[in-house]
Amino acid sequence: MVIVDCDCHNYWTDAEVLLPYLDGYWKDYFVRGEKTGPTGSFPHGHRAWFHPEGFKRADINPETQLDHYTIMKEKHLDRYNIDYAILTGDEALEASTLANPHYAHALVKAYNEWMINEWMPLDKRFKGSIIISPTDPHGAAEEIRRIGGHPDIVQVLASHGAQRPYGDPFYHPIYEACAEMGLPFAIHLGGQGGVNSNPIGAGPTTYFWETHALLPQTAMTHVASMIAHGVFEKWPDLYLVVIECGVAWVPSVMWRLDANFKALRKETPWLKMLPSEYCARNVRFTTQPLEQPANIQHLWSTLEAMDGKNTLMFASDYPHWDYDSVDALSIPPEWRENILGGNALKVYKRLAASHVAQAAE
């Protein structure tokens with residue numbers, strides 16, 4: 001059984017690791033800004049809510065960059081026989097919170113270079129995500145084309161936090177570049193700060209735990225928007241991967257979208273299928289965090305309603321506080337092969353090609 005972790009966070013010990021990869025002007029901007037920003041974090045990447053216990057697991061306390069990898073290898077990769085781990089950064093996702101799109105683009109470009117040069121060579125199991133700042137779609141498309149041909153890059157990644165829903169034509173240069181390079185577009189929970197400080201529909205919440213529980217609202221909006229604007233008609237082979245936003249909401253949202261589309265389909269004549277059909281064909285969801293009802297059969301019925309056997313992909317969210325290990329995954333046993341790796345091999349075609357090549361060796 002192949003195991004693919006679709007959400008494995010590679011940390012840095014200090015944001016200054018990006019300095020060698022920043023151009024002169026932005027390096028000066030970075031250094032001066034960091035003096036007034038939170039030490040060790042992504043410059044100016046601030047959240048409106050703070051985790052009362054810290055975002056990382058309490059047993060993971062690396063002191064150096066090498067410690068990060070050594071601990072990950074021991075406590076996650078080797079312990080659970082992970083075949084491939086898709087690196088999803090961490091603070092770099094906060095680039096979408098920055099008001100200055102040019103600075104945000106420079107920072108994610110530096111992060112991508114740091115990941116390719118200093119993280120991915122550490123372990124052949126690592127596969128990379130091109131982190132982009134969606135505030136600059138043309139710059140993002142340029143970055144996708146610049147490094148999208150790297151054999152171990154498997155997806156393009158942005159945060160859920162955005163200034164407008166992701167179906168908006170403003171973002172279409174990103175999808176054009178993804179399609180050109182044969183890469184899925186993924187969105188990860190995050191970017192709730194700065195210019196994106198209102199991720200909750202009725203207005204800002206007060207506490208972290210209530211906020212975290214309600215953040216899937218953002219994913220619902222992006223999925224509906226990408227379907228409604230015809231992104232999957234224009235690029236029928238494009239996958240959208242929704243990371244870390246729960247999944248129990250998917251069937252009910254699709255039921256509502258289908259019902260409204262049937263009655264009002266003349267509003268979007270470019271759509272040739274039901275919203276639920278686009279979702280089944282083009283959208284994939286990661287398991288972490290799976291909802292936890294008192295009766296597990298309630299969850300499994302919900303997963304069946306969204307064809308979870310074929311639409312879910314395993315994610316651990318290592319090393320965060322709500323980390324899910326392989327053996328803690330509450331899914332029907334007969335689905336495990338698909339969800340732990342089989343579905344990911346269909347979405348991440350470059351990873352699948354690498355897997356076949358390694359098997360042949």
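Analyst: Accessible areas come from the Shrake-Rupley method with a 1.4 Å probe. With that in place, the surface of this predicted model can be read.

User: What area does the chain expose, and what share of it do carbon and sulfur atoms supply?

Analyst: The exposed area of the chain is about 15500 Å². Carbon and sulfur atoms contribute 53% of that area.

User: What percentage of the residues in the chain is buried?

Analyst: A residue is called buried when its relative accessible area is under 20%. In this chain, 57% of the 361 residues are buried.

User: How many helices and strands does the chain have?

Analyst: There are 14 helices and eight strands. The chain is as compact as a globular protein of that length, because its radius of gyration of 19 Å is close to the 21 Å that the globule rule gives for 361 residues. Along its principal axes, the C-alpha trace spans about 55 × 45 × 45 Å.

User: What share of the contacts comes from residues 24 or more positions apart?

Analyst: Of the contacts with a separation of 6 or more, 81% are between residues 24 or more positions apart.

User: How many positive and negative side chains are there, and how far apart do the centres of the two sets lie?

Analyst: The chain carries 29 positive and 44 negative side chains. The centres of these two sets are 5 Å apart.

User: Why can side chains of opposite charge pair?

Analyst: Side chains of opposite charge can pair when their charged atoms come close. The cut-off for a salt bridge is a nitrogen to oxygen distance within 4 Å. By this rule, the chain has nine salt bridges.

User: Which residue forms a salt bridge with K75?

Analyst: The partner of K75 is D59, and their closest N and O atoms are 3.5 Å apart. This pair links distant parts of the chain, 16 residues apart: K75 lies in helix α2 (residues 65–77), and D59 lies in the loop between α1 (24–34) and α2. K75 counts as partly exposed, because its relative accessibility is 22%. D59 is also partly exposed, at 39%.

User: Which side chain meets E113 in a salt bridge?

Analyst: E113 meets R146, at 2.8 Å from N to O. Here too the pair links distant parts of the chain, with E113 in helix α3 (residues 101–119) and R146 in helix α4 (residues 137–147), 33 residues apart. With a relative accessibility of 37%, R146 counts as partly exposed.

User: Which residues are linked in a network of salt bridges?

Analyst: The network links K73, D78, D123 and R125. Apart from that network, D168 forms a salt bridge with R164, with 3.9 Å between the closest N and O atoms. D168 is partly exposed at 23% relative accessibility, and R164 is partly exposed at 34%.

User: Which residues does a cis peptide bond join, with omega about 0°?

Analyst: One such bond joins Q288 and P289. P289 sits in the loop between β7 (283–286) and α11 (296–305). The peptide bond from Y318 to P319 is cis as well, with omega near 0°. P319 occupies the loop between β8 (312–313) and α13 (336–347).

User: Which residue other than glycine has a positive phi near 50°?

Analyst: That residue is N81, placed in the loop between α2 and β2 (84–87). N81 counts as exposed, because its relative accessibility is 57%. D307, likewise a residue other than glycine, has a positive phi near 55°. D307 belongs to the loop between α11 and α12 (308–311) and is partly exposed, with a relative accessible area of 36%.

Definitions and conventions
Residues numbered from 1 in each chain as written. Predicted model: local features only at pLDDT ≥ 70, side-chain atom pairs only at ≥ 80, totals over all residues. Heavy atoms only, no water. Helix = DSSP H or I, 4+ residues; strand = E, 2+ residues; numbered from the N terminus. Rg over C-alpha atoms; globule rule 2.2 N^0.38 Å. Buried < 20%, exposed > 50% of the residue type's maximum accessible area, 1.4 Å probe, protein only. Contact = heavy atoms within 4.5 Å. Lys, Arg positive; Asp, Glu negative; His and termini not counted. Charge placed at Lys NZ, Arg CZ, Asp CG, Glu CD.
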